[in-house]
Amino acid sequence: MGKFADIVEVTAGVDLPPEVYGARANVLEQLVTQGLPVPTAFAISVAGVHKYAIGDYPENPAFAKKLVPGALYSVRRSPADRGWGGPRAILNIGMNDKTRDILAESVGKDAANDLYCRFLRAYAIKVARLDEDDIEELVEREFTNANKDYAHLLQALLTFYREELGEVFPQDPQIQMQQVLRAMALMWEGTTARILRTARGAPVDAGIGFIVQDMAQGICNGECGSGIGQFVALATGEPGAHGRYKSESQGHDAVSGRGGELYLGDDPRGPSLQGTAPKAFAELQNLAQKVRNFCADDMQLQFTVQDDKIWLLDAKPAERSGRAEVAIAVRLVADGLLDKKQALLSVAPRSLTEMLHRHVDPKATRDRILGGIPASPGAAFGYIVFSATAAQASAAREEPCILVRSETTPEDIRGMQSANGVLTQRGGMTSHAAVIARGLGLPCIVGATNMHLDPRKKTITLPNGDVLHEGDIITLDGTEGEVLRGSVGLVEPDLGGPFNTFMDWADEYRRLGIRGNVDTPTDARLAHSFKIDGVGLCRTEHMFFEQGRLTAMREMIFADQDDDRQAALDRLLPMQRDDFAELFEVMAGLPVCIRLLDPPLHEFLPQTTTEMRTLAEAMDIPLPRVQERAEALGEVNPMLGMRGVRLGITVPGIYDMQARAIFEAVADVQTRLGIEVHPEIMVPLVSAKKEVELVRNRVDVVASEVARATGQQIKYSVGVMVETPRAALRAGEITRFAEFISFGTNDLTQMTYGLSRDDAGRFMREYVNLGVFAEDPFHSLDVDAVGELVMIAVKRARAVNPDVSLGLCGEHGGDPESVTFCHKVGLDYVSCSAYRAPIARLAAAQAAILDPD
């Protein structure tokens with residue numbers, strides 16, 4: 001990286017890379033280069049900001065000559081990634097007695113004094129570090145509850161400043177600017193800011209740039225004000241004017257939720273900028289289209305209106321839901337602004353999660369009790385809680401909850417992560433609750449100002465006087481901005497139109513197969529609707545837990561004689577066969593990988609005395625016998641005991657029955673429907689090649705018997721589920737008896753770490769926060785250790801059999817980072833739950849685009 005100046009004026013063509021000066025500086029340069037109306041601005045680099053933090057001030061900064069009487073400037077954050085946040089802007093720097101008098105001549109005394117008061121309050125709180133509550137009480141006493149005289153308020157603020165600090169408010173604009181930059185730099189480098197930005201994905205040592213910019217006044221004689229807007233809908237991505245504008249305002253006043261805001265375009269709900277200042281609105285539309293064309297994206301514009309003229313202060317990607325993100329990408333391709341690859345790379349795979357979430361059933365009865373700003377789309381219901389701690393406790397009990405707060409702070413993030421939705425009394429579209437909820441994919445309503453919240457009594461008083469208490473159930477409709485009484489019916493979203501087009505593009509480019517984890521034919525239908533490439537994991541044990549089958553399974557477990565055990569298995573055979581036949585029909589020739597029984601037998605037995613008595617009555621056997629059998633099957637560590645292939649070898653009739661059910665189902669479907677079926681039979685929890693050899697020999701015998709009996713040619717493959725480190729290390733010799741390997745990374749992670757995923761939640765969050773683990777290894781694959789075992793197994797297996805099929809099953813198969821790893825190491829497919837399949841498909845496409853070789 002070459003040498004970059006600490007402070008640079010933003011002019012056409014100047015090099016302002018985002019990693020040096022931040023994303024805001026970079027986009028401002030693009031706006032200026034395109035000849036768009038941008039107030040004079042200067043970019044301060046990350047290094048330059050750090051110098052201000054340590055008191056190393058430049059002698060003659062580039063902007064010094066601009067700080068003259070009558071001129072006002074702002075300082076705004078410019079991180080390399082906007083998601084990192086940063087200190088809020090400080091406006092009207094340079095305001096003093098002399099500048100106030102100059103401005104009064106053009107905008108009037110009240111407006112000039114208002115600007116002075118705004119800056120003085122911000123400076124006192126953010127720079128001089130005076131108590132915000134004391135200042136707000138002063139404003140309430142001397143202005144709001146008095147005669148609303150700005151001149152009187154100004155004198156009260158100046159007196160308060162002098163008395164609190166023992167010095168007069170600085171009149172020199174150079175000193176004001178220097179101290180503002182230092183204060184904002186120190187805010188960024190403070191402990192709280194560091195914790196917050198690392199939670200948002202920023203490196204611990206991430207720096208920040210600043211923008212020093214001429215104030216385009218939103219307070220003047222003609223139509224003046226400020227606003228934030230975009231020309232696509234947040235929820236759907238459809239074209240249209242969306243945003244807020246407020247006359248006689250600055251900065252983010254238009255989205256503060258304090259009242260007086262106008263809609264951007266004509267809106268039946270109230271007045272708009274389009275109706276108030278049609279010329280300015282038309283200019284804003286024109287500028288938005290120009291910005292869209294050269295940024296190749298729909299952008300959100302921060303702007304001011306000064307005597308009907310638009311000034312652009314910033315442009316960033318438009319706020320959008322996951323659904324809107326896909327719709328926008330598809331339309332950008334249709335308009336020739338992006339190609340398919342660029343469109344696929346523009347959408348984060350996890351954004352698709354939001355599209356798969358529920359919304360309120362249109363046919364449901366809606367008992368609306370509150371309204372607010374729809375800050376994050378989606379719908380959820382749950383019990384009302386009033387604190388982050390209560391939300392976490394509710395999640396621990398697996399009870400859905402809605403976190404209700406006056407407004408959220410960074411300390412509430414853990415509670416938001418535990419909640420099903422968030423409702424706040426204050427805030428706007430860019431408030432903390434709104435931003436964090438959209439990032440988490442939570443439905444969120446902010447600015448519900450017509451409710452009275454009492455966190456101490458844990459009550460919400462509605463406009464009609466009704467009172468809600470903690471524990472009452474409400475439903476949030478984050479798309480409409482409505483709170484509904486009780487639990488309202490929710491339905492799955494429609495995934496047609498742009499979604500299908502987008503996912504078809506993903507399928508064009510991905511090389512990694514995406515299969516689904518299914519347990520029943522119903523699961524298979526759902527997974528098939530997401531256009532999976534087959535079934536990567538069918539957990540057959542789940543088929544046994546239906547009531548009629550469970551009884552037969554228990555009879556097999558309690559059988560004392562081989563004939564009795566076989567009789568029970570014979571009862572289970574047609575049940576399994578019918579399930580497999582239906583599964584093959586649904587998948588219509590796509591590969592279906594069926595895992596033979598995996599859990600230990602004691603899991604099929606009742607656990608409580610009452611349940612055991614019920615079983616004893618049903619089977620007409622004494623209760624003590626049931627208790628004795630349950631005790632005999634009990635193990636000290638059942639997850640590492642008699643389960644998986646060990647059970648299949650010691651009680652071979654179980655696997656024989658399952659293999660026969662599979663092959664008879666194949667013959668049936670091929671005969672009835674003419675569909676060629678190629679099942680993949682997977683042996684779980686393998687550690688040694690002899691285990692595979694023994695099971696395979698029995699499977700081959702059953703296949704031959706069924707083929708002779710039905711006259712059908714039975715094509716199948718036998719493989720293993722690699723869940724133990726030993727199996728990974730011995731993959732070469734195991735492959736001599738297996739046509740495929742599927743990495744069961746859930747158990748492989750448990751065994752590599754010596755860690756139970758069922759108990760890890762008690763301490764995992766603290767481990768991640770302390771940096772012991774970079775991420776929960778059950779959420780995202782540990783590529784350093786578990787990943788190395790996978791790589792070793794891949795290398796050794798393919799050295800023996802280059803044609804061996806390699807896959808991964810488990811929920812890691814739906815994690816984008818894990819999918820990228822699987823692509824890089826050369827797996828043939830991953831398998832995940834149906835609802836995560838679209839995420840995996842997109843992640844696989846992105847991996848192929850970024851790694852074309």
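Colleague: How many cavities of 30 Å³ or more does the count come to?
Modeller: Keep in mind that this is a predicted model. A cavity here has to hold a 1.4 Å probe that cannot get out. By that rule, with the cut-off at 30 Å³ or more, the count comes to three.

Colleague: And what volume does the largest cavity have?
Modeller: Its lining includes Arg76, Asp214, Gln250 and Thr304. Met215, Ala216, Gly251 and Leu313 are also among the lining residues. As for the volume of the largest cavity, call it about 50 Å³.

Colleague: Which helix gives the largest share of the largest nonpolar core?
Modeller: That core has 127 residues, and Phe502, Phe584 and Phe663 are those with the most contacts inside it. The largest share is 11 residues, and they come from residues 652-673, helix α25. Apart from this core lies another one, of 58 residues, with Ile44 and Met177 among them. So much for the other core; the helix you asked about is α25.

Colleague: Why is one side of β12 and of β13 left without a neighbour in the sheet?
Modeller: The open sheet has eight strands in the order β12-β22-β21-β14-β15-β16-β17-β13, with mixed pairing. β12 (368-371) and β13 (373-376) stand at the edges, so each has a single partner strand.

Colleague: Which residue in β17 is the bridge partner of Ile373?
Modeller: β13 is joined to β17 (residues 444-446) by three bridges, and the two run antiparallel. In β17, the partner of Ile373 is Val446.

Notes:
Residues are numbered from 1 along each chain as its sequence is written. This is a predicted model: local features need pLDDT of at least 70, side-chain atom pairs count only at pLDDT 80 or more; totals for chains, interfaces and linings use all residues. Side-chain values use heavy atoms; hydrogens and water are left out. A nonpolar core is a set of buried Ala, Val, Leu, Ile, Met, Phe, Trp, Tyr and Cys residues joined through side-chain atoms within 4.5 Å. Buried means under 20% relative accessible area, exposed over 50%, partly exposed in between (1.4 Å probe, protein chains only). Helices (H or I, at least four residues) and strands (E, at least two) are DSSP runs, numbered from the N terminus. Two strands pair if DSSP finds at least two bridges between them. On a 1 Å grid over the protein atoms alone, a cavity is a set of points where a 1.4 Å probe fits but cannot get out, and a pocket is an open set with protein on both sides within 12 Å along at least five of seven lines; lining residues have an atom within 4 Å of a point. Grid points are joined across faces, edges and corners, and a volume is the space filled by probe spheres set on the points.
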